[in-house]
Amino acid sequence: MKNTAVLKVANFAWFQGIWWLVILFQNNAVIPVLALIGGWILISPKRTEDIKLMSAVFLLGTVVDAVLTVCGLFVFNQTEVLVSFWPIPIWLSLLWAAFAGTVYHSLTAFKGRMVIAAIAGAVFAPLSYIAGAKFGAVELGTSVPRAYIFIALVWSVIFPLCFYLSNRFEAKQAQA
């Protein structure tokens, strides 16, 4: 996939498709989401960087959302756990990996703009979680305004951190 605009649009649509799958179908979406992530890796022009970033953000996001769950901000239906030892639903961890798959592609406008990335993370990430709650994928353990503030604070750090990590992986790949 050589055309940059087509790649950006395809990557954006790919992530939106994954978001809807996990929000609407949670555990039932795991296999299709794994297939979509694998498919993206196959066609990605930055395959190595994507794999590294997706792996790192999969773990980072799992820890972040596990902490927010332990703190009571998120409440998940624990009757349908797919991976018993995993601290959050595996579909949510996969969503983090898919999100990382957008950093080198459809989210490049934020590259090198850490303040703008922090603001965008603080504004838009809470909306995603709140929408997920409205669709029943998660319960918020507090009021929507309070949840928005906590998620905004977290994502004002996480979103720029993803770009920092992407720059590190890209630099190491260039040295190799």
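The expected span of a helix is 1.5 Å times one less than its number of residues. The exercises below apply this and related criteria to a predicted model.

**Exercise 1. Compare the end-to-end reach of helix α6 with its expected span, and describe how the helix begins and where it bends.**

Solution.
1. Helix α6 covers residues 144-175, a run of 32 residues.
2. The expected span at 1.5 Å a residue is 46 Å.
3. From the first C-alpha to the last, α6 reaches 45 Å, which is close to that expectation.
4. The helix nevertheless contains a kink of about 30°, centred on Trp155.
5. At its N-terminal end, α6 is capped by Ser143. A side-chain oxygen of Ser143 lies 3.3 Å from the backbone nitrogen of Arg146.

**Exercise 2. Determine whether the span of α4 agrees with its number of residues, and whether the helix is enclosed or open.**

Solution.
1. Helix α4 has 14 residues, so at 1.5 Å a residue it should span 20 Å.
2. Its end C-alpha atoms are 21 Å apart, in agreement with the expected value.
3. For the second part, a residue counts as buried under 20% relative accessible area.
4. Of the 14 residues of α4, 14 are buried; therefore the helix is largely enclosed by the rest of the structure.

**Exercise 3. Characterise the largest pocket by its volume, its lining residues, the elements that supply them and their chemical classes.**

Solution.
1. The largest pocket holds about 670 Å³ of space.
2. Its lining consists of 28 residues. Those nearest the centre are Phe15, Phe99, Phe124, Ala125 and Ser128.
3. The elements that give two or more residues to this lining are α1 (4-25), α4 (90-103), α5 (114-134) and α6.
4. The greatest contribution comes from α5, with eight residues.
5. Sorted by class, the lining has 22 nonpolar and six polar residues, and no charged residues.

**Exercise 4. Classify Ile18 and Val9 of helix α1 as buried or exposed, and give for each the separation from a partner along the chain and in space.**

Solution.
1. Ile18 is found in helix α1. Its relative accessible area is 0%, so Ile18 is buried.
2. Pro32 is 14 residues from Ile18 along the chain, and the two C-alpha atoms are separated by 8.5 Å.
3. Val9 also lies in helix α1. The threshold for an exposed residue is over 50%; Val9 has 58% and is therefore exposed.
4. Val9 and His105 are 96 residues apart in sequence, with 8.9 Å between their C-alpha atoms.

**Exercise 5. For Thr62 and Leu68, state the helix and the degree of burial, then identify a contact or partner of each.**

Solution.
1. Leu68 has its place in helix α3 (residues 47-70), and Thr62 lies in helix α3.
2. Thr62 has 5% relative accessibility and so counts as buried.
3. Leu68, at 12% relative accessibility, counts as buried.
4. The side chain of Thr62 reaches the backbone oxygen of Phe58 at 2.6 Å.
5. Leu68 and Val154 are 86 residues apart in sequence, yet 9.5 Å apart in space, C-alpha to C-alpha.

**Exercise 6. Classify Gln26 and Arg168 by accessibility, and report the backbone angle of Gln26 and the distance from Arg168 to Pro89.**

Solution.
1. Gln26 lies in the loop between α1 and α2 (30-43).
2. Phi of Gln26 is near 35°, a positive value in a residue other than glycine.
3. A relative accessible area of 21% makes Gln26 partly exposed.
4. Arg168 is found in helix α6, and at 41% relative accessibility Arg168 counts as partly exposed.
5. Arg168 and Pro89 are 79 residues apart along the chain, and their C-alpha atoms are separated by 28 Å.

Key:
Residues numbered from 1 in each chain as written. Predicted model: local features only at pLDDT ≥ 70, side-chain atom pairs only at ≥ 80, totals over all residues. Heavy atoms only, no water. Helix = DSSP H or I, 4+ residues; strand = E, 2+ residues; numbered from the N terminus. Bend = angle between axes of the 7 residues up to and from the residue. Polar contact = N/O pair within 3.5 Å; in protein donor to acceptor, adjacent residues only side chain to side chain. 1 Å grid on protein atoms, 1.4 Å probe; cavity = no way out; pocket = protein on both sides within 12 Å on 5 of 7 lines; lining within 4 Å. Points joined across faces, edges and corners; volume = space filled by probe spheres on them. Nonpolar A, V, L, I, M, F, W, Y, C, P; charged D, E, K, R; others polar. Buried < 20%, exposed > 50% of the residue type's maximum accessible area, 1.4 Å probe, protein only.
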